[in-house]
Amino acid sequence: VVSNYAARFPDLFLALSDARTAPPRAGDVMSFYTGDAFGHVGLVYSVAIDTSGNGSVQILEQNSNRTGGTTGMSTYPVSSWHIQSAKNWLRRR
């Protein structure tokens, strides 16, 4: 989703993947590595990353295995600027 939308609508969206220079922020759409062709996306709800690049990102998701699909909220750890399972995120220009 992220790569496709950014490529199709470059005047509207940016695809970002470097949490050090452009960390995700609330409202971004995050794309995850899932091992299947369709992937998985979620909406960034909150971000707490310290100056060392550690913390967490909370994501609102549908059909999340991490939440059993009931609560819709997952927290992904961030370590040394790497967001667990995240591929990239889409931001409106």
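## Close-up views of the sheet, its core and its surroundings

**View A. Strand β4 (residues 55–60) pairs with strand β5 (residues 73–79) in the antiparallel sense, over six bridges.** The model shown here and in the views that follow is a predicted one. Across the β4–β5 pairing, S56 stands opposite P77, a residue of β5. Strands of a sheet pair through backbone hydrogen bonds, and the sense may be parallel or antiparallel.

**View B. The protein chain contains one helix and seven strands.** Read from the N terminus, the order of elements is α-β-β-β-β-β-β-β. The seven strands form an open sheet, arranged as β1-β7-β2-β3-β4-β5-β6, with antiparallel pairing. β1 and β6 (82–83) stand at the edges; each has a single partner strand, so one side of each is left without a neighbour in the sheet. Of the 93 residues in the protein chain, 33% are buried.

**View C. Strand β3 (residues 40–49) and β2 pair in the antiparallel sense.** Their pairing runs over four bridges. At this pairing F32 is placed opposite H40, which belongs to β3. β3 also pairs with β4, again in the antiparallel sense and over six bridges. There, V47 stands opposite V57 in β4.

**View D. The hairpin of β3 and β4 has five residues between its strands.** In this hairpin, G53 takes a positive phi near 85°. D50 is found in the loop between the same two strands, β3 and β4. With a relative accessible area of 39%, D50 counts as partly exposed, because the buried class ends under 20% and the exposed class begins over 50%. The C-alpha atom of D50 is separated by 9.7 Å from that of S80, and the two residues are 30 residues apart along the chain.

**View E. The largest nonpolar core comprises 14 residues.** The residues with the most contacts inside this core are M30, F32, V57, I59, I83 and W89. Two or more residues of the core come from each of the elements β2 (29–32), β4, β5 and β7 (86–92). Two of the core residues also appear in the strand pairings of View C: F32 stands opposite H40, and V57 stands opposite V47. In a regular strand the side chains alternate between the two faces of the sheet.

**View F. A salt bridge joins R91 and D28.** The closest N and O atoms of the pair are 2.8 Å apart. R91 lies in strand β7 and D28 in the loop between β1 and β2, so the salt bridge ties together parts that are 63 residues apart in sequence. Both partners are buried: R91 has a relative accessible area of 10%, and D28 has 3%. The count of salt bridges in the model comes to one.

**View G. The side chain of E61 makes polar contacts with the side chains of H40 and S74.** E61 lies in the loop between β4 and β5. The contact with H40 is 2.7 Å, and the contact with S74 is 2.5 Å. E61 counts as buried, because its relative accessibility is 9% and the buried class takes in values under 20%. H40 is also the residue of β3 that stands opposite F32.

**View H. A polar contact joins the side chains of N88 and S3.** The contact is 3.3 Å. N88 lies in strand β7 and is buried, with a relative accessible area of 8%. Strand β7 also holds R91, the residue that forms the salt bridge of View F.

**View I. A nonpolar patch on the surface is formed by V1, Y5, F9, L12 and V41.** Together these residues have about 390 Å² of accessible area. One of them, L12, lies in the loop between α1 (2–8) and β1 (13–16). L12 is partly exposed, with a relative accessible area of 36%. This value satisfies the patch requirement, because that requirement is a relative accessible area of over 30%.

Technical notes. Residues are numbered from 1 along each chain as its sequence is written. This is a predicted model: local features need pLDDT of at least 70, side-chain atom pairs count only at pLDDT 80 or more; totals for chains, interfaces and linings use all residues. Side-chain values use heavy atoms; hydrogens and water are left out. Patches are made of residues with over 30% relative accessible area and no salt bridge: like charges are joined within 9 Å, nonpolar side chains (Val, Leu, Ile, Met, Phe, Trp, Tyr) within 5 Å. Accessible areas come from the Shrake-Rupley method with a 1.4 Å probe; for residues, only the protein chains shown count as cover. A salt bridge is a side-chain nitrogen of Lys or Arg within 4 Å of a carboxyl oxygen of Asp or Glu. Buried means under 20% relative accessible area, exposed over 50%, partly exposed in between (1.4 Å probe, protein chains only). Two strands pair if DSSP finds at least two bridges between them. A nonpolar core is a set of buried Ala, Val, Leu, Ile, Met, Phe, Trp, Tyr and Cys residues joined through side-chain atoms within 4.5 Å. A polar contact is a pair of N or O atoms within 3.5 Å; within protein, one must be able to donate a hydrogen and the other to accept it, and residues adjacent in sequence count only if both atoms are side-chain atoms.
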